[in-house]
Each structure stands twice: as structure tokens, then as C-alpha cells.
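Welcome! Have the sequence and the 3D view at hand, and try each exercise before you read its solution.

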Amino acid sequence: MSSIYDILNIGKSGMMAQQAAVQVTANNIANVNTEGYSRQEVIFEEGTPLNSTPGQAGTGVNAAAIQRRYDSFIEGQLTDSNETLGSLDVQRSALSKIEDLFNDSMGTGINKLLDQFFNSMQDLSANPAGTPERVTVLSRGDALTDAINNIYSSLNQLQKDMNSQVSQTVNEINSITSQIASLNVDIRQAEINGQNANDSRDMRGKILNDLADKIDIQYFEDDTGQITVIGGGLATLVEKGNSWTLDIESNTDNYGYYNIIYSPDESNVTNLTDRVSNGRLKGLLTIRDTETSDAMDELDRLAAAIASEINQVHRTGYGLDGSTGINLFTPSFETGDVLSEDVGAITALSTNTGTGSVSATIDDPSALTFNDYEITFSGGNYTFLNKSTNASSTAVYADPSTFTFEGLSVNISGSFDEGDTYTISAHKNTAKNLQVAIDMRDTARIAAATASTDNRGDNRNVLALVQIQDALTIDGTSSFGSYYGSIVGRIGVNSQYINSQYSAQEFSSEQLHNMRESVSGVSIDEEMANLMKFQHAYQASARLITIGDELLETLMGIVR
């Protein structure tokens with residue numbers, strides 16, 4: 001049988017439940033602008049009824065739980081979107097810088113300077129003995145080489161900046177994974193005691209998205225509320241309350257730039273560099289190892305072609321002082337030049353185990369392709385491969401061996417192990433080192449003539465030099481100007497594509513954020529309406545207690 005005391009208890013439970021609802025609503029309003037916050041709500045449930053006459057009587061209401069409004073599917077989509085946005089944002093910014101380096105719109109680009117240089121030689125052909133014309137040739141040559149040097153230097157610096165950011169990003173990833181592991185523990189401890197760790201879950205979701213911005217991740221939650229996070233396709237970064245760090249390691253096969261290393265224990269070391277597929281880390285690696293590397297190689301090829309083609313013709317002519325065999329540019333690309341850091345490069349891969357040596361010299365400047373080559377030893381043979389055209393030559397190795405291939409003379413000697421590989425380039429670093437070889441005080445050494453003496457009116461060699469401008473000297477298909485134009489075009493197309501992809505992904509991300517807000521976001525209007533509703537319910541419960549008290553007083557008066 002119910003009593004007046006039951007009425008008082010029902011009023012008390014109603015007040016406490018509505019008070020909890022008001023508190024949660026106040027917290028929602030306070031966090032209306034908090035990034036990553038999910039709106040919370042009180043779940044009400046009826047109290048356990050009492051058996052009574054004429055039937056079971058209710059005992060009021062309980063605030064059973066405080067839950068957050070959350071859609072795991074939308075959150076997963078946002079995480080994926082953050083990965084892609086992070087990668088595209090890095091590439092978009094860096095490609096814009098690269099595009100600016102090659103921009104000819106201000107009239108100071110390489111194409112314009114090429115035109116000015118060849119125009120100065122055209123002017124020299126009209127007055128082959130003229131000192132002002134000769135000074136102009138050298139000064140225009142200096143302007144051209146300076147521009148090529150500066151672009152190369154800027155690309156190299158951008159590459160170094162990307163490498164530094166790789167290290168910084170790895171440190172940020174390690175910091176985030178440590179925080180996630182700590183939050184895993186907090187969530188488990190709270191929820192194992194019957195609480196809902198709403199705030200900790202919101203914080204973990206936010207920094208999980210921060211992690212996705214930096215590296216591609218997959219994650220799943222276990223029955224204790226803790227998540228396991230896998231990065232780079234296979235590296236377990238977080239499991240329950242444990243986290244594992246990523247490390248960096250200099251790669252001697254890539255100019256000392258960093259590899260991404262995952263080593264959960266000393267016996268298990270994995271190189272993740274080629275496995276990272278998204279996030280800012282992927283964008284940094286793409287710019288560092290592909291975009292800037294390709295642009296620098298193309299600039300090297302252009303600079304090498306300019307120096308080699310012009311020097312070949314210039315060496316056959318004569319200066320006013322009778323000099324001949326003189327180069328107009330350095331590097332010279334003459335027969336017998338040894339490939340070194342200043343003229344090309346030969347690099348042994350760090351994985352080589354043999355003790356042999358490889359050297360190369362220029363055999364025929366006119367046959368040089370300025371492509372990258374690779375020589376590999378296998379099964380007692382060696383294979384020399386043009387990595388651009390896939391043209392190759394294979395022969396049995398006998399110590400020592402010398403062979404010629406596309407303008408290069410290669411000498412190999414010593415002992416090589418299976419799989420030993422060397423890379424060879426005749427043009428590497430040319431854009432970095434390209435200079436005019438004739439001093440401004442030695443203008444008489446400019447070889448405008450084809451005769452050694454009495455040649456002050458002889459312009460035949462400088463006319464041959466002028467004709468090089470439009471000759472298809474690069475791959476037999478491109479002039480200097482058209483090849484440079486193809487570089488600019490490729491970079492522009494890449495930049496436009498990445499910008500387009502970024503805009504599309506940004507729009508998609510905005511839509512996902514809107515969807516999240518519709519589920520988890522705080523609406524001030526809705527919360528104010530709830531606040532009034534809970535306030536009135538609280539007042540009604542308080543009024544119920546007042547009525548119960550009055551009933552009790554009446555009853556006590558009758559008894560007395």
C-alpha cells in the first residue's frame with residue numbers, strides 16, 4: 001500500500017533527475033563552440049514499482065545515464081577525410097611554391113633568359129669583333145646560369161624543409177599516440193565502474209582525427225572501450241594502454257633524407273616509408289621524394305643539355321686571340337671527363353656487399369642522353385640499364401671490364417656480390433654547378449669564328465651556336481625552350497590536379513562536419529528549450545513535495 005512518504009520520495013527523485021538534466025544542459029551550452037564536443041543528454045527511466053492495492057504503484061524517476069550523441073559511421077568518414085586532406089594540403093602548398101619558381105609571367109624566367117642569351121649571340125653575329133656584344137653574351141649567360149642555379153637551390157631547400165617536417169610530424173604522431181593510450185586507460189577505468197566516459201571519449205575522438213591528419217590509420221574498439229590504432233598499414237601504434245613510437249633514420253641511398261622506421265622491439269624493424277599512404281606524412285614524402293626530385297632532375301637535364309650542346313660547337317671555333325677548344329660553360333662535358341659530384345655521379349647502394357668498384361667517363365658527348373642509369377650484377381653477368389627508356393645491355397662480367405653505352409665509357413673491376421647495384425648519372429648536379437666558363441675580362445676567347453687567324457669578321461661559328469636554340473637536342477624531340485615548357489606544363493598540371501582534388505575533398509569534409517553537427521552538435525535554441533522544460537519539471541516535483549508535506553501535516557493534525 002502506497003503512503004504519503006512515497007509521494008515525498010517521488011518528488012525527491014523527480015527533483016534530483018531534473019537537476020541532473022539541467023546540469024547536463026548547462027554543460028552543453030558551455031561547450032557550444034568546443035571542437036570535437038558531442039552533445040550529452042540524460043537518459044531517464046522509471047523507478048522500480050511497488051506492489052500495492054489496487055496494483056503496482058510507481059516510485060518516480062531516475063537519471064539512469066548521461067549519454068553523448070554520437071554516430072560512429074560519420075566519425076569514421078571524418079577520420080578518412082582528414083587523412084586525405086592532410087596529404088593534399090601539404091602537396092597543394094608545396095606545388096604552389098614549385099610552380100612560382102618556374103613561373104615565366106614576370107619575364108624573368110628561364111625561357112625568357114634563354115631567348116635573351118641567344119639574341120645576344122645573334123647580335124654578336126652582326127659584329128663578331130665587337131666588345132660590347134661579347135660582354136653582353138657573357139652577362140646574359142651569367143643571368144641564365146644564375147637563374148638555373150637559384151631555382152635548383154630553392155628546390156633543394158624545399159626538399160630539405162620537407163625532410164625536416166617529416167621529423168617534426170613523426171614527433172607529433174608519437175605524442176598523440178601516447179595521449180590516446182592514456183585516454184584508453186581513463187575510459188576503461190571510468191566505464192568499468194559503470195560510468196560513461198563521455199568527455200574522455202570526445203577528447204580521444206578529437207586527437208584521433210588529429211592523428212589521421214598526419215598519417216593513415218585504421219582503428220577498432222574492444223569491449224572495454226579501448227581502441228587499437230594501426231598506422232602506415234601495419235604498425236601497431238596504440239593497443240589498450242600501450243603505445244609504440246615511430247622513429248626516423250637517415251637513408252644514404254636518398255641523400256641522407258629520413259626513412260620512417262617502426263621497431264616494436266629490437267628484433268623487429270620495419271621501414272614504413274613506402275607504406276605510408278595518406279596524411280601529411282605522405283604529402284611530405286611525395287613532395288620530397290617525387291615532386292622536387294623530378295623537378296631537380298629535369299632542371300639538371302636542361303642545364304646539362306645547354307652546357308654540352310653549346311660547348312661542343314664552341315670548342316670547334318676560334319676566338320679573336322686564336323684560342324680554340326674553349327668551353328663556354330662549365331661543366332664542360334668533354335670526352336674523358338670523369339663522372340663525379342661536379343659532373344654527374346656514381347652511387348653504390350647501401351645494400352651492396354661486394355668490394356668491386358665502378359667508374360665512368362664521357363666517351364662521346366654527342367651521344368649522351370642525360371638519363372639515369374643503373375648497373376646490376378647477377379649470376380655472373382652485369383646489366384646496364386637506361387631507367388628512362390629501358391634500353392639495356394647485358395654481358396658476362398670478367399674482371400676488369402670496360403664497355404661504352406650511350407656516350408659513356410664504364411669501367412668495372414673487383415668482386416661483386418649477387419644483386420649489387422650502382423646508379424650512374426652524367427647530368428646530376430649540373431643545374432647546381434652550371435657557370436659561364438669565360439671570364440668577363442677574356443671576351444676575346446668567345447669563339448665566334450671558324451678560322452684561327454684574321455677572323456674579326458668571321459661569324460660562322462656564332463651562327464652555328466645561334467641555331468642550337470631551336471634544334472631538337474633533348475631526346476631528339478625537344479629544343480631547350482620546348483623542354484623547359486614541358487617542365488612548367490607538367491608542374492602546372494600536377495598543381496591544378498592537386499588543387500582540384502583538395503577543393504573536392506574540402507567540400508566533402510564540410511558536408512561530413514555538417515552531418516556530425518546535426519547529430520552531435522549543440523543547438524542553443526534546443527538547449528534553451530530543454531532548460532525551460534527541465535526547470536518546470538523540477539518546480540513541479542518541488543510542488544509535489546510541498547503537497548505531500550501538507551497532506552502529512554493534515555494527517556498529523558487529525559491524529560493529535
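A residue is called buried when its relative accessible area is under 20%. Keep in mind that the model is predicted.

**Exercise 1.** Work out which side chains of strand E13 (372-378) are buried and which are not.

*Solution.* Begin with a rule: in a regular strand, side chains alternate between the two faces of the sheet. Now walk along E13. Tyr373, Ile375 and Phe377 point to one face, and these residues are buried. Asp372, Glu374, Thr376 and Ser378 point to the other face and are not buried.

**Exercise 2.** Find the strands joined to E13 and say how they run.

*Solution.* Start with E18 (421-425). Five bridges join E13 to E18, and the two run antiparallel. To find one of the bridges, look at Thr376, whose partner in E18 is Thr421. Next, turn to strand E14 (residues 381-386), which is joined to E13 by six bridges and also runs antiparallel to E13. Here Tyr373 has Asn386 as its bridge partner. Finally, look at the hairpin of E13 and E14: two residues lie between the strands, and Gly379 takes a positive phi near 60°.

**Exercise 3.** Check whether the length of helix H10 (residues 524-559) agrees with its number of residues.

*Solution.* H10 has 36 residues. At 1.5 Å a residue, the helix should therefore span 52 Å. The C-alpha atoms at its ends are 52 Å apart, so the two values agree. As a follow-up, which residues of H10 are buried? They are Glu527, Asn530, Phe534, Ser541, Gly548 and Leu552. Helix H1 (4-30) and strand E1 (40-46) are among the elements that cover the buried residues of H10.

**Exercise 4.** Describe the largest pocket: its space, its centre and its lining.

*Solution.* First, the space: the largest pocket holds about 1200 Å³. Its lining has 36 residues, and those closest to the centre are Asp253, Asn254, Tyr255, Ser293 and Lys428. Then ask which element gives the largest share of this lining. That is helix H6 (279-316), with seven residues. Last, sort the lining by class: eight residues are nonpolar, 14 are polar and 14 are charged.

**Exercise 5.** Do the same for the second largest pocket.

*Solution.* About 690 Å³ of space lies in this pocket. Of the 35 residues lining the second largest pocket, Glu75, Gly205, Lys206, Asn209 and Arg516 lie nearest its centre. Elements giving two or more residues to this lining include helix H2 (72-101) and helix H5 (198-214). H5 supplies the largest share, nine residues. By class, the lining has ten nonpolar, 13 polar and twelve charged residues.

Notes: Residues are numbered from 1 along each chain as its sequence is written. This is a predicted model: local features need pLDDT of at least 70, side-chain atom pairs count only at pLDDT 80 or more; totals for chains, interfaces and linings use all residues. Side-chain values use heavy atoms; hydrogens and water are left out. Helices (H or I, at least four residues) and strands (E, at least two) are DSSP runs, numbered from the N terminus. The expected span of a helix is 1.5 Å times one less than its number of residues. Buried means under 20% relative accessible area, exposed over 50%, partly exposed in between (1.4 Å probe, protein chains only). Contact means heavy atoms within 4.5 Å. On a 1 Å grid over the protein atoms alone, a cavity is a set of points where a 1.4 Å probe fits but cannot get out, and a pocket is an open set with protein on both sides within 12 Å along at least five of seven lines; lining residues have an atom within 4 Å of a point. Grid points are joined across faces, edges and corners, and a volume is the space filled by probe spheres set on the points. Ala, Val, Leu, Ile, Met, Phe, Trp, Tyr, Cys and Pro count as nonpolar, Asp, Glu, Lys and Arg as charged, and the others, Gly among them, as polar. Two strands pair if DSSP finds at least two bridges between them.
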